[in-house]
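Work through these short exercises with the model in view. Try each task before you read its solution.

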Amino acid sequence: MARIIAVANQKGGVGKTTTAVNLGACLASLGKRVLLVDIDPQGNTTSGVGINKADVNSCIYDVLINEVDAKEAIQATQIDGLHIIPATIQLAGAEIELVPTISREVRLRKALQPMKSKYDYIIIDCPPSLGLLTVNALTASDSVLIPIQCEYYALEGLSQLLNTIRLVQKHLNTKLEIEGVLLTMLDARTNLGIQVIEDVKKYFREKVYHTIIPRNVRLSEAPSHGQPIIAYDPKSRGAEVYMDLAKEVCSL
Ligand code: ADP
Ligand code: MG
């Protein structure tokens, strides 16, 4: 049965999408069957694996709002073993459209249920907010992976995220765990990064992954080529560290 992992942090630009795409691709290259689920209306995970949003017939919006079967929205990607349920800009309306619907917080969980036996990992890339889409992801998941950018305000806003996780655990999904906290975009030339690592470790202790993602220009170039880093530049430092992360996730 698949382990369902939500990649969440309501801050934008902390490395959620980069992590969802590249962790997913690396797990697939280790022989795991992986389904990416893009629930960010920006659809960066979708384009990040090379899917042209203009060609998408059914997206996650149809699954959540129109009750289309998840399996009808799944597409293969260029990476063997890596599939995706894409998102298009249509999803931007879902946050509002979900409000008056029945079982609005559990729609994603219900939709993904039949997919659990077909994959080893289902990775959900969340939008930069704590609205109904993120709540759907947390409700559908076994665990949440929190990327934290190694910068000055790294811990700001985390208490809201942890509070949302606690509320979901209490009311919607008692088995939700913290999968791990991932430090991203470390600039090894500054002391600030080291300070952030210490602060985050003090707070989250053994939940912090040993793997720390450095700033790597190849990681930021790969999305514009529609490729995960292991396809775009398999010898880069970025590819190495996301492979390390995939192995660490498998070993937990
Ligand atoms: P989020 O999904 O949290 O908004 P992204 O994964 O889209 O964050 O990352 C924000 C920006 O930073 C993107 O342009 C991405 O390519 C870039 N980026 C992410 N991780 C790295 C990294 N380790 N090194 C360099 N650039 C990165
Ligand atoms: Mg994103």
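**Exercise 1. Describe the span 3–178.**
Step 1: the end C-alpha atoms of residues 3–178 lie 13 Å apart. Step 2: the span is 35% helix and 17% strand. Helices (H or I, at least four residues) and strands (E, at least two) are DSSP runs, numbered from the N terminus. Step 3: an unreviewed UniProt entry places the feature "domain: AAA" at these residues, 3–178. UniProt positions use the numbering here, feature names are shortened, and annotations may be inferred rather than shown by experiment.

Two notes on the source. This is a predicted model, where local features need pLDDT of at least 70, side-chain atom pairs count only at pLDDT 80 or more, and totals for chains, interfaces and linings use all residues. Residues are numbered from 1 along each chain as its sequence is written, while chains are lettered from A and ligands numbered from 1 in the order written.

**Exercise 2. Lay out the sheet.**
Step 1: the open sheet has seven strands, in the order β3-β4-β2-β5-β1-β6-β7, with mixed pairing. Two strands pair if DSSP finds at least two bridges between them. Step 2: β3 (75–76) and β7 (177–184) are at the edges with a single partner strand each, so one side of each has no neighbour in the sheet. Step 3: β2 (residues 34–38) and β4 (residues 82–85) run parallel, joined by four bridges. L36 has I84 in β4 as its bridge partner.

**Exercise 3. Find what surrounds ligand 1.**
Step 1: 17 residues surround ligand 1 (C-beta atom, placed from the backbone, within 6 Å). The closest are K16, T17, T18, L219 and S220. Step 2: α1 (16–29) and α10 (217–221) are the elements that give two or more residues to this shell. α1 gives the most, with three residues.
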